[in-house]
Amino acid sequence: MILNINALSKRYGNTPVLENVNLAVEKGSVAVLVGSSGGGKSTLLRCINGLETFDSGSIEICGHELTAGTHASNVLVKLRRDVGMVFQHFNLFPHLSALENVAMAPRLVEQLSEEEAFQRASSLLDKVGLAAHVLAKPATLSGGQQQRVAIARSLAMRPRVMLFDEPTSALDPEMTAGIVDLIVDLAASGQTMVIVSHDRDFSRIVDARVFVIEKGCVARCGSPAEIFSERSTRNIRSVQYP
Ligand SMILES: Nc1ncnc2c1ncn2[C@@H]1O[C@H](COP(=O)(O)OP(=O)(O)OP(=O)(O)O)[C@@H](O)[C@H]1O
Ligand SMILES: [Mg+2]
């Protein structure tokens with residue numbers, strides 16, 4: 001297993017947010033996290049890459065171990081080289097071009113030369129369909145294009161695991177479809193991913209394991225077909241019998 005979450009619990013003050021979460025992801029596979037708002041999905045994702053601390057349990061990811069309490073900075077530095085994260089609102093550097101956004105981490109962290117970093121960045125921008133926009137600043141790109149830059153930026157560090165927090169929820173349906181296609185292609189190429197999303201289109205990743213997170217716990221898990229069809233049936237019922 002490339003990711004193993006054992007009995008993870010976290011509270012904010014007196015409020016439990018995650019309670020005894022157990023979840024494992026195999027190398028090369030995809031986990032999709034769904035569930036009602038406030039259930040703890042984003043918090044769980046942030047715990048996985050050490051952006052949040054937790055109160056008990058442990059997380060092992062790419063051979064790095066996180067335990068309760070404050071994380072040592074040398075562990076976080078190593079972990080973040082192996083784990084990439086893409087957010088709902090892209091979080092690009094506004095003053096840098098697409099190319100510079102993608103090249104920044106390889107230059108700073110891997111200390112590639114400018115030429116090498118730009119080469120890697122431009123081939124990734126090509127891969128995500130942005131060859132014509134390498135010099136564009138984020139503000140001149142559409143939401144879908146900005147999300148492509150953010151994905152390329154994360155891929156630039158060649159992460160062993162990619163985490164996505166609602167990567168399509170700020171996008172209109174057409175742009176959503178493009179980003180889903182891109183992520184489905186990444187899955188097919190063997191990229192390990194944990195994706196928080198309500199988008200049923202991710203059920204196209206047929207081998208994915210879907211985890212339903214409710215009130216801080218893993219309520220159910222199953223294949224996309226099992227979980228998404230069960231959820232749609234429930235939604236119809238709740239409309240008919242409010
Ligand atoms: N920094 C914080 N301080 C206090 N409470 C927080 C903080 N961040 C999140 N919470 C609370 O933790 C719970 C889980 O939040 P989280 O953002 O993980 O949910 P989510 O499942 O991602 O929801 P959504 O689908 O709306 O994004 C919520 O009740 C939220 O109010
Ligand atoms: Mg969230």
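Here are some exercises with worked solutions on a predicted model.

**Exercise 1. Work out the strand order of the six-stranded sheet and find which strands stand at its edges.**

Solution. Start with the order, which reads S6-S7-S8-S3-S9-S10 in an open sheet with mixed pairing. Next, look for strands that pair on one side only: these are S6 (83-86) and S10 (217-222). To finish the picture, add the twist, which averages 20° from one strand to the next.

**Exercise 2. Take the pairs S7 with S8, S3 with S9, and S9 with S10, and decide whether each is parallel or antiparallel.**

Solution. Let's go pair by pair.

- Step 1: S7 (residues 161-165) and S8 (residues 192-196) run parallel and are joined by five bridges. Here methionine 162 stands opposite methionine 193 of S8.
- Step 2: S3 pairs with S9 in the parallel sense, over four bridges. Leucine 33 faces phenylalanine 211 of S9 as its opposite residue.
- Step 3: S9 and S10 run antiparallel, with five bridges between them. Glutamate 214 stands opposite cysteine 217 in S10. These two strands make a hairpin with two residues between them, and in the turn lysine 215 has a positive phi of about 45°.

**Exercise 3. Find the strand order of the four-stranded sheet, and explain why one side of S2 and of S5 has no neighbour in the sheet.**

Solution. The order is S2-S1-S4-S5, in an open sheet whose pairing is antiparallel. S2 (15-25) and S5 (64-67) are the edge strands and have a single partner strand each, so one side of each is left without a neighbour in the sheet. The twist averages 20° from one strand to the next. For a closer look at one pair, take S1 (residues 3-12) and S2: they run antiparallel, joined by seven bridges. Within that pair, isoleucine 5 has leucine 23 in S2 as its bridge partner.

**Exercise 4. Identify the strands that helices H1, H6 and H2 touch or lie across, and give the angles.**

Solution. Begin with H1 and the six-stranded sheet. Helix H1 (residues 41-48) packs on that sheet, touching S3 (30-34), S6, S7, S8 and S9 (209-214), and its direction makes about 150° with that of S7. Now turn to the four-stranded sheet: H1 lies across S1, S2, S4 (56-61) and S5, running at about 120° to S1. H1 therefore appears in the contact lists of both sheets, given contact as heavy atoms within 4.5 Å.

Helix H6 (residues 173-188) packs on the six-stranded sheet, where it touches S3, S7 and S8; its direction makes about 150° with that of S8. Finally, helix H2 (residues 73-82) lies across S4 and S5 and runs at about 125° to S5.

**Exercise 5. Describe the interface between domain 1 and domain 2.**

Solution. First set the bounds: domain 1 covers 1-88 + 166-175 + 194-242, and domain 2 covers 94-160. Their C-alpha centres lie 26 Å apart. Then list the contacts, where 13 residues of domain 1 meet 12 residues of domain 2. The two domains bury about 970 Å² between them, with 57% of it on carbon and sulfur atoms. Last, ask who contributes: Arg81, Val86 and Met175 supply 48% of the area that domain 1 buries against domain 2, more than any other three residues.

**Exercise 6. Count the aromatic pairs, then say which residue lies over the face of tyrosine 12.**

Solution. The count of aromatic pairs is zero. Over the face of tyrosine 12 lies lysine 10, at 4.7 Å from the ring centre.

Methods: Residues numbered from 1 in each chain as written. Chains lettered and ligands numbered in written order. Predicted model: local features only at pLDDT ≥ 70, side-chain atom pairs only at ≥ 80, totals over all residues. Heavy atoms only, no water. Phe/Tyr/Trp six-rings, centres within 6.5 Å; stacked < 30°, edge-to-face > 60°. Lys NZ or Arg CZ within 6 Å of the ring centre and 35° of its normal. Pairing = 2+ DSSP bridges. Axes fitted to C-alpha atoms, helices over the stretch in contact; angles between N-to-C directions. Domains from an automatic or database assignment. Buried area = accessible area lost by both parts, 1.4 Å probe.
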